[in-house]
Amino acid sequence: MEIAIIKYNAGNVQSVMYALDRIGMKYQWTDDEKLIASADKVIFPGVGEASTAMAYLREKGLDQLIPKLKQPVLATCIGMQLLCRDSEENNTNCMGVFDVPVKRFVSADMKIPHVGWNSIQASGENILMEGLKKEEFVYFVHSFYAPVNPYTSATCDYAQPFSAMLQKDNFYAAQFHAEISGIVGQKIIQNFLAL
Amino acid sequence: MLTKRIIPCLDIKEGRTVKGTNFVDLRDAGDPVELGALYAEQGADELVFLDITATVDNRKTLVNLVREVARHVNIPFTVGGGISSIEDVSALLNAGADKVSINSSAVRRPELIDELALQFGSQCIIVAIDTRFVEGNDWVHTHGGRNITEIQTMAWAKEVESRGAGEILLTSMDADGTKAGFANDLTSRVSAQSSIPIIASGGAGTMEHFYEVFTEGKADAGLAASIFHFKEIEIIELKKYLANKGIPMRIY
């Protein structure tokens, strides 16, 4: 199986690679359109800032390629936010696979960013959570969130309910960092790779 | 519900885990790669890995060690010690660290926090504050606690947040190594004025101390080293104890 990890100017891709190493999978870290388009599975990871990340993707033409991919795509953290319509982080237009906005957490009494292990509740048909409990702990670090919407496949609660996971057609997305979410995160990645 | 985090800290000197009392008298506590993996398995929520003798010379050793630890753990992982530039942070993140912790270099040049937050995002920048109570006030210390500064701890905590720090690792040097409990009063004051998470460090000796730091101390995470290394407290037992007392915990 060919796995492509999309290479762009977002940090912390190494953890994703080690997570794949630990389950014995090979991958390519690439911004080559052909390699990405022909891969069996595409992972769109990353931590970073939305406007800088989108600018880089546009420069490489990847903003056009990614929404047209037909194979299973797993987007995490900023990757998930970039697949949404737009982000309040520096008023950025994103790729619009999920026609939902990304908003900034605002709370008088809760700490922002939302950092740490929080529980998520999966919807019945969430295939990436197969073999896991309906409620599991995963690791989050973020200041922006997608509200609960028709594509939400798992919810989390912090200041208010928000989308922990999204799914539409071949696009699977997680706000949390599956790659460092212990055995739960590992199972989610394995479920994605088994699609 | 967002859980409180239990974070074992691996103090590293020349590639080994060590722990002393009040920042000196180091004794060997084992192989950091082995310990890191063991802690992850036992339910640690994160790992912090501090190179307490960081110099340019052992920077490469540290990067290699980070790579080995990161390969073996599936939980978030912070590295600190001697970090003073974008290049240092880049090297550590590329080796597999999820966050970095900066301390003396931020005191020397506070703009470093802004620069790192802009380049890598606030979420991976922890500012560590070593603090000691001297003549009626809490003062920031640098260089592994050796040097006192003219900066007050509360003011510095506010400043690092405004410059873009994502979390504060607050170490009370008065409490560190004493096993007499965390500095709950100071921790709660810093936590109350901060909108970013506070990791409390220094003084853990019993399970009750963690309960106190999460309740009285209002900490978001509790960090400790020797009590875990020397198996005085098992992480899994600690988390069960805290969960039974109503503290939100991640437990398997």
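The turns below ask what lies behind each label given to this predicted two-chain model.

User: What kind of model is this, and what are the ground rules?

Analyst: This is a predicted model: local features need pLDDT of at least 70, side-chain atom pairs count only at pLDDT 80 or more, and totals for chains, interfaces and linings use all residues. Residues are numbered from 1 along each chain as its sequence is written, chains are lettered from A and ligands numbered from 1 in the order in which they are written, and side-chain values use heavy atoms, with hydrogens and water left out.

User: How many disulfides does a search of the whole structure find?

Analyst: Zero, over all chains. A disulfide is a pair of cysteine sulfur atoms within 2.5 Å.

User: Why is C77(A) not bonded to C124(B)?

Analyst: The sulfur of C77(A) has its closest cysteine sulfur in C124(B), 11 Å away, so the gap is too far for a bond. Seen from the other side, C124(B) is in no disulfide, and its nearest cysteine sulfur is that of C77(A).

User: Why is C77(A) called buried?

Analyst: Its relative accessible area is 6%. Buried means under 20% relative accessible area, exposed over 50%, partly exposed in between (1.4 Å probe, protein chains only). C77(A) therefore counts as buried. C124(B), at 2%, also counts as buried.

User: What makes chain A and chain B an interface, and how many residues are in contact?

Analyst: 36 residues of chain B are in contact with 28 residues of chain A. Contact means heavy atoms within 4.5 Å. The two chains bury about 2,500 Å² between them, 54% of it on carbon and sulfur atoms. Buried area is the accessible area (1.4 Å probe) that two parts lose on being put together, summed over both.

User: What makes the pair K111(A) and D220(B) a salt bridge?

Analyst: Their closest N and O atoms are 2.9 Å apart. A salt bridge needs a side-chain nitrogen of Lys or Arg within 4 Å of a carboxyl oxygen of Asp or Glu. The pair K111(A) and D220(B) is therefore a salt bridge. Across the interface of chain B and chain A, the rule finds one.

User: Which elements give two or more residues to the side of chain B that touches chain A?

Analyst: They are α2 (59-72) and α3 (86-95) of chain B. Helices (H or I, at least four residues) and strands (E, at least two) are DSSP runs, numbered from the N terminus. α2(B) gives the most, with four residues.

User: Where does D45(B) meet R250(B), and why does the pair tie together separate parts?

Analyst: D45(B) lies in the loop between α1 (32-41) and β4 (47-51) of chain B, and R250(B) in the segment after α10 (235-244), so the salt bridge ties together parts that are 205 residues apart in sequence. The closest N and O atoms are 3.0 Å apart. Both D45(B) and R250(B) are buried.

User: Which salt bridges does K99(B) form?

Analyst: One is with E46(B), at 3.1 Å from N to O. That pair links distant parts of the chain: E46(B) sits in the loop between α1 and β4, K99(B) in strand β6 (residues 99-102), 53 residues apart. Another is with E167(B), with the closest N and O atoms 2.7 Å apart. E167(B) lies in strand β10 (residues 167-172) of chain B, so this pair ties together parts that are 68 residues apart in sequence. Salt bridges that share partners join R5(B), E46(B), K99(B) and E167(B) into one network.

User: How do you know that E46(B) and K99(B) are buried?

Analyst: E46(B) has 0% relative accessibility. K99(B) has 2%. Both values fall under the cut-off, so both residues count as buried.

User: Where is T30(A), and what is it in contact with?

Analyst: T30(A) lies in strand β2 (residues 28-30) of chain A. At 7% relative accessibility, T30(A) counts as buried. Leaving aside neighbours within four places in sequence, its contacts include A4(A), I6(A) and L35(A).

User: What makes L65(A) buried, and which residues does L65(A) touch?

Analyst: L65(A) has a relative accessible area of 14%, so L65(A) is buried. Its place is in helix α4 (residues 62-65) of chain A. Not counting residues up to four places away in sequence, L65(A) touches E33(A), I36(A) and A37(A). L65(A) and A37(A) are 28 residues apart in sequence and 7.7 Å apart in space, C-alpha to C-alpha.
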